[in-house]
Amino acid sequence: MKIKTFASSSKANCYQISDSETTIIIEAGLSLKKLFKLPDFDISKISGVLISHSHTDHNKFINDFLKLGITCYMTFETAESLKLDSTFVQIIKSKKSFKIGSFTIKAFETQHDCAGSVGFWIKSELENKRLVFATDTFYIKYKFQKINYYMIECNYDAEILEKNIELGIIDGCRAKRLKSSHFSLQNVIEFFKAQDLSVCEKIQLLHLSNENADAENFKNRIIEITGLPVEVY
Ligand SMILES: [Zn+2]
Ligand SMILES: [Zn+2]
């Protein structure tokens, strides 16, 4: 499986997953105008778009894809919140698998501050490889098996956040919201400690906060815990 991270932050998210037969996009946070400029993006190859939840950094440009007749997959709650009027919206349910080309996909619930938010378990039947994608969640309650690639949010470091609250950089209200909606480095470490990483080849840390994260430290801490190659976005 090939992974391309086109954008990953609270401003915009857009990821591309492909095997030799099928290419999908996760999150429509970038416009097609922007995507067309990227050498690794070819609209004619896109078989579907997965949307994790209703916050705009994950779906602002979904109509760009719907207008071209590309099926966009999301939960009922997400579709309802986005008020989309298109026959190319496909409703999915967590824990119920569906297929896009050579991919089998299963959504699973995430812990965020909006209804119907999900992460995705994706298997390439062609290559027999599995990927887990989860962002905008303060916790993941699942243990996954035989995952080759993890794409996991690592939004903030609890220690940096505390310092920023003391310094008045982050107000208490926002900090409270962060803690119950986004993944801290400390919880990501616990998550990876609980996973079977025996076939894992690569980890991507996603959706880092501008003020409350230290990318280099995040990378080193997760390498320390997992012994695997780690990329940070
Ligand atoms: Zn987000
Ligand atoms: Zn969100």
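Which residue stands opposite M151 in β12? The residue opposite M151 is Q204. The model described here is predicted.

**Domains and their contact**

The protein chain splits into two parts: domain 1 covers 1–127, and domain 2 covers 138–233. Their centres, taken over C-alpha atoms, are 22 Å apart. Domain 1 puts 13 residues into the contact, and domain 2 puts in 14 residues. On the side of domain 1 that touches domain 2, β1 (2–8) and β2 (13–18) each supply at least two residues. The largest share there is that of β1, with 3 residues. By class, this side of domain 1 holds 5 nonpolar, 7 polar and 1 charged residues.

**The sheet from β1 to β6**

This sheet is open and has 6 strands. Their order is β1-β2-β3-β4-β5-β6, and the pairing is mixed. The edges belong to β1 and β6. Each has a single partner strand, so one side of each is left without a neighbour in the sheet. Neighbouring strands are turned by 20° against each other on average, direction ignored.

Start at the β1 edge. β1 and β2 run antiparallel and share 6 bridges. Here I3 stands opposite I17 in β2.

Move on to β4. Strand β3 (residues 23–26) pairs with β4 in the parallel sense, over 4 bridges. The bridge partner of I26 in β4 is L50. On the other pairing, β4 meets strand β5 (residues 72–75), again in the parallel sense, over 2 bridges. L50 has a bridge partner in β5 too, namely Y73. L50 thus links to I26 in one pairing and to Y73 in another. How many of the 5 residues of β4 are buried? The count is 4, and strand β4 (residues 46–50) is mostly covered.

**The sheet from β7 to β13**

A second open sheet is built from 7 strands. It runs β7-β8-β9-β10-β11-β12-β13, with mixed pairing. β7 and β13 (230–232) stand at the edges. Each of them has a single partner strand, so one side of each lacks a neighbour in the sheet. The twist from one strand to the next averages 20°.

β12 can be followed through both of its pairings here. Strand β11 (residues 149–153) pairs with strand β12 (residues 202–206) in the parallel sense, over 5 bridges. Y149 stands opposite K202 in this pairing. Helix α7 (residues 215–226) packs on the sheet and touches β12 and β13. The direction of α7 makes about 160° with that of β13. β12 and β13 are also parallel, with 3 bridges between them. In β13, V232 is the bridge partner of L205. β12 is mostly covered, with 4 of its 5 residues buried.

The strand pairs described for the two sheets are listed here.

| Strand pair | Sense | Bridges |
|---|---|---|
| β1 and β2 | antiparallel | 6 bridges |
| β3 and β4 | parallel | 4 bridges |
| β4 and β5 | parallel | 2 bridges |
| β11 and β12 | parallel | 5 bridges |
| β12 and β13 | parallel | 3 bridges |

**The nonpolar core**

Which residues touch the most other members of the largest nonpolar core? They are I152 and L205, out of 60 residues. Why does this core lie between domain 1 and domain 2? Domain 1 (1–127) and domain 2 (138–233) both give residues to the core, so it lies between them.

Leaving aside neighbours within four places in sequence, I152 is in contact with A134, F183, V188, F191, I203, L205 and L206. L205 therefore appears twice around I152: as a fellow top member of the core and as one of the contacts of I152.

**Two lysines with positive phi**

K83 has a positive phi of about 50°, although K83 is not a glycine. K83 sits in the loop between α3 (76–82) and β6 (89–92). K83 counts as exposed because just 7 other C-beta atoms lie within 10 Å, and the cut-off is 12 or fewer.

K95 is also not a glycine, yet has a positive phi of about 70°. Its place is the loop between β6 and β7 (98–100). Is K95 buried or exposed? K95 is exposed, with 10 other C-beta atoms within 10 Å.

Key. Residues are numbered from 1 along each chain as its sequence is written. Chains are lettered from A and ligands numbered from 1 in the order in which they are written. This is a predicted model: local features need pLDDT of at least 70, side-chain atom pairs count only at pLDDT 80 or more; totals for chains, interfaces and linings use all residues. A residue is buried if 20 or more other C-beta atoms lie within 10 Å of its own, exposed if 12 or fewer, and partly exposed in between; C-beta atoms are placed from the backbone. Domain bounds come from an automatic or database domain assignment. Two residues are in contact if their C-beta atoms, placed from the backbone, lie within 7 Å. Ala, Val, Leu, Ile, Met, Phe, Trp, Tyr, Cys and Pro count as nonpolar, Asp, Glu, Lys and Arg as charged, and the others, Gly among them, as polar. A nonpolar core is a set of buried Ala, Val, Leu, Ile, Met, Phe, Trp, Tyr and Cys residues joined through C-beta atoms within 7 Å. Two strands pair if DSSP finds at least two bridges between them. Axes are lines fitted to C-alpha atoms, for helices over the stretch in contact, and angles run from 0 to 180 degrees between N-to-C directions.
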